[in-house]
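Me: I am new to this structure and would like a close look at a single part of it. Please describe the place where the ligand sits and what surrounds it.

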Amino acid sequence: MGFFDKIVQGLKKTRDALTGQVAALFQPGRALGEEDYEALETALLRADVGPVATDRLLASVRATLKDPSYEGSAAEALRAAVERLLADAEVHVPSVSAAAVSPQAATSAPGRPHVTLVIGVNGTGKTTTIAKLASHYRQRGESVLLVACDTFRAAAADQLEVWAKRAGVEIHRQTEGADPAAVAFDGIARAKSRDFDRVLVDTAGRLHVKTNLMAELEKIRRVIDKALPGAPHETLLVLDATIGQNGLSQAREFDKALKLSALALTKLDGTAKGGVVLAIAETLHLPIRWVGVGEGMDDLIPFDASEYAKGLVGAP
Ligand code: GDP
């Protein structure tokens, strides 16, 4: 199954929630009245697009449909508005390395090995996402090293090790209770000396001692930069799409402490709240780099605004 089919399938619940109630409005040639816009607003909010992005999409659809020369349907206008909103979010991103901007881009010097610091709350799908990323890069012929910095729970490193084996990549781990920043430093040193292309650093995600967690993550980041100046090249937050709007506050907190460069949104397949992609893009101006659409190794796909827009509103 290609990426587009996967995102269409992954967005099914969201698409049904969004378009189910407003299917009639999407008929070609249909002029929208105030009640129709209200129905569309409700549908967007139900899909967890959030109030800010919803207002923007509605304004954009209104402007398009008001243009007498426009011949498309409301669905096409909405699809274009969704794409524009996502494109604007990308434009606002500060400096993200070229390799990070395109997940398909080959890794090459400078900044080799390419280091991604992966953060996120436990249960969001962080470990699975790291495994899927490892497998993705491995299949492209890159050598990948996983670094297990969640030394708080031995089970975390054990689980990562199982995934590393499955993905066919190496893992760097130390004993339970080791200083996570020291593990990160040693991991990067190993990757440099053994000439790895890519390093994926797993971190702890316990929420109950939040301040300590943020301080720990900041320290890991500082130490990675010390081990390899300019790294990490990507600070990727893994966010669970099923929590919808609540993910926004989670992302904001991590961004405040760590200056995120991108997001991986998991479990898009299990939710009708896939509109949260738009809420995130509009309010946080953070690019969504990856979306998880299932539990299998190949169920992480590079995010594509145009495919997402088609998957959300329906195929042309
Ligand atoms: P962690 O605690 O953040 O490391 O979370 P895990 O990686 O262990 O994942 C938690 C659960 O979410 C597991 O059962 C995963 O299989 C599941 N999961 C992760 N990503 C996805 C996804 O994209 N779709 C679905 N349906 N399940 C996912």
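Reply: What follows is a description of the ligand site, from the surrounding residues to the pocket. The model is a predicted one, and the values given here are computed from it.

The shell comes first. The ligand is surrounded by 17 residues. Gly-123, Thr-127, Thr-128, Asp-269 and Glu-295 are the closest of these. By class, the shell consists of 10 polar residues, 5 charged ones and 2 nonpolar ones. Helix H7, which runs over residues 126-139, gives the largest share of this shell, namely 4 residues. Thr-127 and Thr-128, both listed among the closest residues, have numbers that fall within the range of H7.

Next come individual polar contacts between protein and ligand. Gln-159 places a polar side-chain atom 3.4 Å from an oxygen atom of the ligand. Val-293 also faces an oxygen atom of the ligand, but with a backbone N or O atom, at 3.5 Å. At Gly-294, a polar backbone atom is 3.3 Å from a nitrogen atom of the ligand. On its own, the ligand has 580 Å² of accessible area, and the protein covers 78% of that.

The site can also be described as an empty space in the protein. In general terms, a probe the size of a water molecule, rolled over the atoms, shows where empty space is left. Here, the largest pocket is the space that the ligand takes. The volume of this largest pocket is about 350 Å³. Its lining is made up of 22 residues, and those closest to the centre of the pocket are Thr-124, Gly-125, Lys-126, Thr-128 and Lys-267. Thr-128 therefore appears in two lists: it is one of the residues closest to the ligand, and one of those closest to the centre of the pocket, with 4 Å as the cut-off both for being near the ligand and for lining the pocket.

The lining divides into 12 polar, 7 charged and 3 nonpolar residues. H7 contributes 5 residues, the largest share of the lining. Helix H8, residues 154-167, is also involved, since H7 and H8 each supply at least two lining residues.

To sum up, the ligand occupies the largest pocket, and H7 gives the largest share both of the shell around the ligand and of the lining of that pocket.

Methods
Residues numbered from 1 in each chain as written. Predicted model: local features only at pLDDT ≥ 70, side-chain atom pairs only at ≥ 80, totals over all residues. Heavy atoms only, no water. Polar contact = N/O pair within 3.5 Å; in protein donor to acceptor, adjacent residues only side chain to side chain. Areas by Shrake-Rupley, 256 points an atom, 1.4 Å probe, with all protein chains shown as cover. 1 Å grid on protein atoms, 1.4 Å probe; cavity = no way out; pocket = protein on both sides within 12 Å on 5 of 7 lines; lining within 4 Å. Sits in = over half its atoms within 2 Å of the grid points. Nonpolar A, V, L, I, M, F, W, Y, C, P; charged D, E, K, R; others polar. Points joined across faces, edges and corners; volume = space filled by probe spheres on them.
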